[in-house]
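Me: I'd like to go through this protein and ask what stands behind the words people use for it. Can you take me through it?

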Amino acid sequence: MPESTFDVIVVGAGPGGYVCAFRAAQLGLRVALVDKRATLGGTCLNVGCIPSKALLHSSEQFAFAKGHAAAHGIALGSVGLDLATFLKRKDEVVAKNVGGLALLAKARKITVLTGTATFTAARTLEISPVGSELARAPKQQLTAPNIVIATGSAPVELPFMKFDGATVVSSDHAIAFSAVPKKLVVVGGGAIGLELGSVWSRLGSEVTVIEFLPKIVANYDDDIVRHFTRLLTKQGLKIETGAKVTGFAAGVLTAERDGKKLEFPADKVLVAVGRRPYTDGLGLEKAGVQLDDKRRVKVDAQLRTTAPGVWAIGDVVAGPMLAHKAEEDGAAVAEWIAGKAGHINWDLVPAIVYTEPEVAGVGLGEDAAKAANRAVNVGKFNFAANGRAIAADATDGFVKIIADAKTDRILGAQILGHGASELISEIVTHMEYGGSAEDLGRTIHAHPTMSEALKEAGLAVSKSAIHSL
């Protein structure tokens, strides 16, 4: 008879869920991990973060070979695309990642169940089989004093443009087109739309990005966005801001701007206007779990829901819908359940756009500081003055540090440049211990490295940068 009573049951095996399960097991708890997919990793590893980054990397190699190799003295001759192999590599990357998670779960003696979970009472779940097991596998009843909801999120669908998986698609579909679309229209100028738009643009698609707001990636400062928009346009993406999409018919997407009708022919339309918390079919009302007006699970400061013993993490609660945020939620909840002191600093969750160049930010931006009438000093340093960037042909962009005018404490940072996703972690670290711009500027950085631009930007806050005026 399979085990049915656990210390912790985690519903959802994405980054938040599996990290919660792994950490709970490390702390000696008996753990069950339930997901409707046969593989662990959730959206992120299966159809989101990991496959999209594999596609981004491969498309960058293709763009380099086709347009930049000759300038480096590399003669390649004719460069062509084998899309089947291109997509196969992406699938292999996914398989390696999810396979690794399965091995870790087994080594930690976590009970992994495939199926959909529904509350039948406050601390009881019914697990229903899915897929090929639907007809022959019985339902299971699981109980635990602690249940963690980690069911993630799903793409937002426009009511007048429903996903059909063929022409109007979500990001789940856009990682696996069978052919490069001649004309791809991306609705939404956020990270997901720009990343996948970049992939297919590099492979030869004519890509148009339509954004309702006055600028793309609206959470970043205007100077970052202006520079970023110019770079994307130079790469071949067409950016249309301040445009409201109104419909799609007969291969033409329509929009309006300033009372004027706009038309965009499209073979494919990728709708990337955000994600919604996935709380469908969980039977939360039977457990006494309440939702807010955006259908997110209500939680307190320790991620406890309105039902005793039920917790919620990641995309189903308020906050940025980011895998690394979900991971921190999951680890902290496991520690709180085990009676330990979990730690999360939700003010220091970095945000990334994984284009080339990348955009990364954390904390308070310059524009937001000015809007709040907060006195700050700002230091900037251009990658064009960084020796490693010049050698690597990666001079686009700059680093910006925002520091309190009185204390010099770093309040935030934004980076536009190659490897920004890696560089931002140093800023997060300095901010975690309350470091100042001077601390950053006086930290020794290896030479030559791209990270020296962070040091110089820190020095620039006090107008002390060495390699710029």
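Reply: Sure, starting with elements: helices (H or I, at least four residues) and strands (E, at least two) are DSSP runs, numbered from the N terminus. Keep in mind that this is a predicted model, where local features need pLDDT of at least 70 and side-chain atom pairs count only at pLDDT 80 or more, while totals for chains, interfaces and linings use all residues. Residues are numbered from 1 along each chain as its sequence is written, and side-chain values use heavy atoms, with hydrogens and water left out.

Me: Where does Gly41 lie?

Reply: Gly41 is in the loop between strand E2 (31-35) and helix H2 (42-47).

Me: Why does Gly41 count as buried?

Reply: Buried means under 20% relative accessible area, with exposed over 50% and partly exposed in between (1.4 Å probe, protein chains only). Gly41 has 0% relative accessibility, so it counts as buried.

Me: What does Gly41 touch?

Reply: A contact means heavy atoms within 4.5 Å. Not counting residues up to four places away in sequence, Gly41 touches Ala13, Gly14, Pro15, Tyr18, Asn46 and Leu101.

Me: And why does Ser170 count as buried?

Reply: Ser170 has 3% relative accessibility, so it counts as buried too. Ser170 is found in the loop between strand E9 (168-169) and helix H5 (171-174). Its contacts, leaving out residues up to four places away in sequence, are Pro155, Phe163, Leu270 and Val271.

Me: What makes something a nonpolar core, and how many residues has the largest one?

Reply: A nonpolar core is a set of buried Ala, Val, Leu, Ile, Met, Phe, Trp, Tyr and Cys residues joined through side-chain atoms within 4.5 Å. The largest has 56 residues, and Ile9, Val148, Ile149 and Val333 have the most contacts inside it. Helix H1 (residues 15-26) gives the most to this core, with seven residues. There's also a second, separate core of 36 residues, which includes Phe62, Phe86, Leu87 and Leu196.

Me: Why might such cores form a pattern we'd expect?

Reply: In soluble globular proteins, nonpolar side chains tend to be buried together.

Me: How many helices and strands are there, and why is the protein called as compact as a globular protein of its length?

Reply: There are 14 helices and 23 strands. The radius of gyration (over C-alpha atoms) is compared with the globule rule, 2.2 Å times the number of residues to the power 0.38. The protein comes out at 24 Å, close to the 23 Å the rule gives for 469 residues, so it is as compact as a globular protein of that length.
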